[in-house]
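Colleague: Please take one small part of this model and look at it closely. Then set that part against the rest of the chain.

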Amino acid sequence: MWFFSILLLTAVASVAFCALTVKKLYAYINQYRFAESVYTLLFGFIRLRYFVYSYVFFVAVLGALGTLLAFSFLAV
């Protein structure tokens, strides 16, 4: 039962940390806004919002998979 609780707590903490970092990132972007150019893109072609979308997507997927894993251990 303790492993189930730790897995769920880790999933909730990772989603909360993701939300906090994205909020802080957009607050920083709004405070120090500058024009995007080829020199400001990640690796020269990746926009920041695509990077954020992929980060949020993968955290959500891993949180869902962790929760499913936790419930599968509970069912056994």
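Modeller: Start with V38, in the loop between α1 and α2. Helices here are DSSP runs of H or I with at least four residues, and strands are runs of E with at least two, numbered from the N terminus. The model is predicted, so local features need pLDDT of at least 70 and side-chain atom pairs 80 or more, whereas totals for chains, interfaces and linings use all residues. Numbering runs from 1 along each chain as its sequence is written, and side-chain values use heavy atoms, without hydrogens or water.

V38 counts as exposed, because its relative accessibility is 52% and the cut-off is over 50% (buried is under 20%, partly exposed is in between, with a 1.4 Å probe and protein chains only). How far is V38 from F57 in space? Their C-alpha atoms are separated by 25 Å, although the two residues are 19 apart along the chain.

L41 sits in the loop between α1 and α2 too. Is L41 buried or exposed? L41 is buried, because its relative accessible area is 17%. Which residues does L41 touch, leaving aside neighbours within four places in sequence? It is in contact (heavy atoms within 4.5 Å) with E36, I46 and R47. So the loop holds V38, exposed at 52%, and L41, buried at 17%.

E36 also leads to the largest pocket. E36 is among the lining residues closest to the pocket's centre, together with I29, F34, L48 and R49. The lining has 14 residues. The pocket's volume is about 430 Å³. A pocket is an open set of 1 Å grid points where a 1.4 Å probe fits, with protein on both sides within 12 Å along at least five of seven lines; lining residues have an atom within 4 Å of a point. Volume is the space filled by probe spheres set on the points.

Both helices contribute to this lining. α1 (2–31) and α2 (48–75) each supply at least two residues. The largest share, 4 residues, comes from α1.

Now follow α1 itself. T10 lies in this helix. It is partly exposed, at 48% relative accessible area. T10 and G63 are 53 residues apart in sequence, yet their C-alpha atoms are 8.3 Å apart in space. A16 is another residue of α1. It too is partly exposed, at 44%. The C-alpha atoms of A16 and Y53 are separated by 16 Å, with their positions 37 residues apart along the chain.

Next, the whole protein. It has 2 helices and 0 strands. Its C-alpha atoms fill a box of roughly 55 × 25 × 10 Å along the principal axes. The radius of gyration, over C-alpha atoms, is 17 Å. A compact globule of 76 residues would have one near 11 Å, by the rule of 2.2 Å times the number of residues to the power 0.38.

Buried residues make up 14% of the 76; L41 is one of the buried residues. The accessible surface comes to about 6300 Å² (Shrake-Rupley, 1.4 Å probe). Carbon and sulfur atoms own 76% of that surface. Finally, take contacts between residues at least 6 apart in sequence: 74% of them join residues at least 24 apart.
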